[in-house]
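Me: I have a structure to go through and would like some help reading it. Can we take it topic by topic?

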Amino acid sequence: MPYIKDVLIDVITKVSIPESSTATEHALEDGEQITDHVKSNPTTISLTGVILDGTEAKVLKLRQYREKGVIFDFDYMTSLKHVIITDFNRDYEAKIKDGYAFTMTLKQIKVAKVGKFVSVSIPVKKQTKPVTKKGRQQKKKTPANTSKNNKEKYTTPPKNESGNGLAGLEGRK
């Protein structure tokens, strides 16, 4: 008999295990497509079956496992480590007394490992200055006329003998 963590599943009528990968494609200048990376998607299992439970205690436990993301191992027809419940649907039918039909999806996840703490035997120097109080600081006053004094005033170019204002360009034609 299969278990979901500690919940007994009375009958499993169908198990579906689709496996897929995702490939990235990029267009080239000549119009062709290239694939340069393939990523394997997480394995999912879809279960269909019947649970006999007059008190709905099993439903409450399965709901709790789904909501809290409880990680467990699943071992029925195939063995998968580190799975969570992503979907759980139940259908009450007249032909099932004190129970219900269900569909459930389990997804295999990868659990990250915690990095180890590394201790350093050599003392490390502080790289910041200690915070000091400087008291009240006076703002430096900048003269308001500095921007006006730095600008040169526009003057008209000197006129040549012909009086047309083109000094230095007399010989060009």
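Reply: We can start with aromatic pairs: rings of Phe, Tyr and Trp (its six-membered ring) pair if their centres lie within 6.5 Å, and planes under 30 degrees apart count as stacked, over 60 as edge-to-face and the rest as tilted. This is a predicted model, where local features need pLDDT of at least 70, side-chain atom pairs count only at pLDDT 80 or more, and totals for chains, interfaces and linings use all residues. Residues are numbered from 1 along each chain as its sequence is written, and side-chain values use heavy atoms, with hydrogens and water left out.

Me: OK, how many aromatic pairs does that rule give?

Reply: The count comes to 2 aromatic pairs. One of them is Tyr92 with Tyr100: the ring centres are 5.6 Å apart and the planes are at 65°, so this pair is edge-to-face.

Me: Are those two tyrosines buried or exposed?

Reply: Tyr100 is buried, at 0% relative accessibility, while Tyr92 is partly exposed at 48%. Here buried means under 20% relative accessible area, exposed means over 50%, and partly exposed is in between (1.4 Å probe, protein chains only).

Me: Now the sheet. What order do the strands come in?

Reply: The order is 3-6-9-8-7, in an open sheet of 5 strands with antiparallel pairing. Strand 3 and strand 7 (72-76) are the edge strands, each pairing on one side only. From one strand to the next, the twist averages 40°. Helices (H or I, at least four residues) and strands (E, at least two) are DSSP runs, numbered from the N terminus. Two strands pair if DSSP finds at least two bridges between them.

Me: What actually holds paired strands together?

Reply: Strands of a sheet pair through backbone hydrogen bonds, either parallel or antiparallel.

Me: How many bridges are there between strand 6 and strand 9?

Reply: Strand 6 and strand 9 (residues 99-108) pair over 9 bridges, in the antiparallel sense. Ser46 stands opposite Thr105 in strand 9. Strand 3 is joined to strand 6 by 5 bridges, and these two also run antiparallel. There, Ser16 stands opposite Ser46 in strand 6. Ser46 therefore has Thr105 facing it in strand 9 and Ser16 facing it in strand 3.

Me: Which strands does helix 1 touch?

Reply: Helix 1 packs on the sheet and touches strand 6, strand 8 and strand 9. The direction of helix 1 makes about 120° with that of strand 8. Such angles run from 0 to 180 degrees between N-to-C directions, and axes are lines fitted to C-alpha atoms, for helices over the stretch in contact. Contact means heavy atoms within 4.5 Å.

Me: Changing topic: how many salt bridges are there?

Reply: A search of the whole structure finds 4 salt bridges. The rule asks for a side-chain nitrogen of Lys or Arg within 4 Å of a carboxyl oxygen of Asp or Glu.

Me: Start with Lys61. What is its partner?

Reply: Lys61 meets Asp6, at 3.0 Å from N to O. Lys61 lies in helix 1 (residues 57-68) and Asp6 in the loop between strand 1 (3-4) and strand 2 (7-8), so the pair ties together parts that are 55 residues apart in sequence. Lys61 is partly exposed at 35% relative accessibility, and Asp6 is partly exposed at 43%.

Me: And Lys58, what does that one pair with?

Reply: Lys58 forms a salt bridge with Asp10, with the closest N and O atoms 3.4 Å apart. Lys58 is in helix 1 and Asp10 is in the loop between strand 2 and strand 3 (11-16), 48 residues apart. Both Lys58 and Asp10 are buried.

Me: Where do Glu56 and Arg90 sit?

Reply: Glu56 is in the loop between strand 6 and helix 1, and Arg90 is in strand 8 (residues 78-91), 34 residues apart. They form a salt bridge, the closest N and O atoms being 3.4 Å apart. Glu56 is partly exposed at 31%, as is Arg90 at 27%.

Me: Last one: what does Thr43 touch?

Reply: Not counting residues up to four places away in sequence, Thr43 touches Ile17, Leu80, Leu106, Lys107 and Gln108. Thr43 is in the loop between strand 5 (33-40) and strand 6 (44-52), and is buried, with a relative accessible area of 17%.
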